[in-house]
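Work through the exercises below with the sequence and the 3D view side by side. Each task is followed by a solution in steps.

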Amino acid sequence: QFTKGRDFRTGANGADAMGFVVNESAVKMMGFKDPVGATVRWMEHDFQIIGVGRDMVMQSPFDPVLPTIFYMAPWRIDFLNIRNIQAIQPQPTLRL
């Protein structure tokens, strides 16, 4: 759920390719009072914050929510992080 701004409207090659959506914890950590439209420099590129989402539990519900940035990489990504749940066999899901 967004508290400010908006979600991505285009793909990684569109107008939002250099946009960030951040969570409320990231806004607090970065010290922004009005984050939408702010520029963040990362990996020698300037990204613009286009939206702020509510904090959500993405790991343990007993740990604090981590500051999180969501983006659509305008470059190729050569890795993928996968969390293995032992009760589920990964092969059917990944179609290996």
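**Exercise 1. Describe the chain as a whole.**

Solution. Start with the surface: the accessible surface of the protein chain comes to about 7,600 Å², and 54% of that surface belongs to carbon and sulfur atoms. Keep in mind that the model is predicted. Next, take the secondary structure. The protein chain has 2 helices and 5 strands, which follow the pattern β-β-α-β-β-β-α along the sequence. Then turn to burial: of the 96 residues in the protein chain, 23% are buried. Last, look at the contacts between residues at least 6 apart in sequence; 65% of these join residues at least 24 apart.

**Exercise 2. Classify the ring pair of Phe 20 and Trp 42, and state which parts of the chain the pair ties together.**

Solution. Step one is the count: there are 6 aromatic pairs. Step two is the geometry of this pair. The ring centres of Phe 20 and Trp 42 are 6.1 Å apart and the planes stand at 55°, so the pair is tilted. Step three is location. Phe 20 belongs to strand E2 (residues 19–23) and Trp 42 to strand E3 (residues 39–42), so the pair ties together parts that are 22 residues apart in sequence. Step four is accessibility. Phe 20 has 1% relative accessibility and counts as buried, while Trp 42, with a relative accessible area of 31%, is partly exposed.

**Exercise 3. Extend the picture from Trp 42 to its other ring partner, Phe 47.**

Solution. Trp 42 also forms an aromatic pair with Phe 47, with 5.8 Å from centre to centre and 55° between the planes, and this pair is tilted. Phe 47 has a relative accessible area of 1% and is buried. Now add Tyr 71: Phe 20, Trp 42, Phe 47 and Tyr 71 form one aromatic cluster.

**Exercise 4. Which residues form a nonpolar patch on the surface?**

Solution. The patch consists of Trp 42, Met 43, Ile 69 and Tyr 71. Together these residues have about 350 Å² of accessible area. Trp 42 and Tyr 71 are also members of the aromatic cluster. Ile 69 is located in strand E5 (residues 69–71). With a relative accessible area of 37%, Ile 69 is partly exposed. A residue needs over 30% relative accessible area to be part of a patch, so Ile 69 at 37% meets this cut-off.

**Exercise 5. Is Thr 68 buried or exposed, and what does Thr 68 touch?**

Solution. First place the residue: Thr 68 is in the loop between strand E4 (45–53) and E5. Its relative accessibility is 14%; buried means under 20%, so Thr 68 counts as buried. Leaving out residues up to four places away in sequence, Thr 68 touches Val 21, Val 22, Asn 23, Ala 26 and Met 58. A polar atom of the Thr 68 side chain lies 2.9 Å from the backbone oxygen of Leu 66. Met 29 is 39 residues from Thr 68 in sequence, and the C-alpha atoms of the two are 10.0 Å apart in space.

**Exercise 6. Trace the surroundings of Asn 23.**

Solution. Asn 23 is in strand E2 and is buried, with a relative accessible area of 4%. The Asn 23 side chain reaches the backbone nitrogen of Ala 26 at 2.9 Å. Beyond residues up to four places away in sequence, Asn 23 touches Val 52, Gly 53, Arg 54, Asp 55, Val 65, Leu 66, Pro 67 and Thr 68.

Note on methods
Residues numbered from 1 in each chain as written. Predicted model: local features only at pLDDT ≥ 70, side-chain atom pairs only at ≥ 80, totals over all residues. Heavy atoms only, no water. Phe/Tyr/Trp six-rings, centres within 6.5 Å; stacked < 30°, edge-to-face > 60°. Helix = DSSP H or I, 4+ residues; strand = E, 2+ residues; numbered from the N terminus. Buried < 20%, exposed > 50% of the residue type's maximum accessible area, 1.4 Å probe, protein only. Patch = residues over 30% accessible without salt bridge, like charges linked within 9 Å, V, L, I, M, F, W, Y side chains within 5 Å. Areas by Shrake-Rupley, 256 points an atom, 1.4 Å probe, with all protein chains shown as cover. Salt bridge = Lys/Arg side-chain N within 4 Å of Asp/Glu carboxyl O. Contact = heavy atoms within 4.5 Å. Polar contact = N/O pair within 3.5 Å; in protein donor to acceptor, adjacent residues only side chain to side chain.
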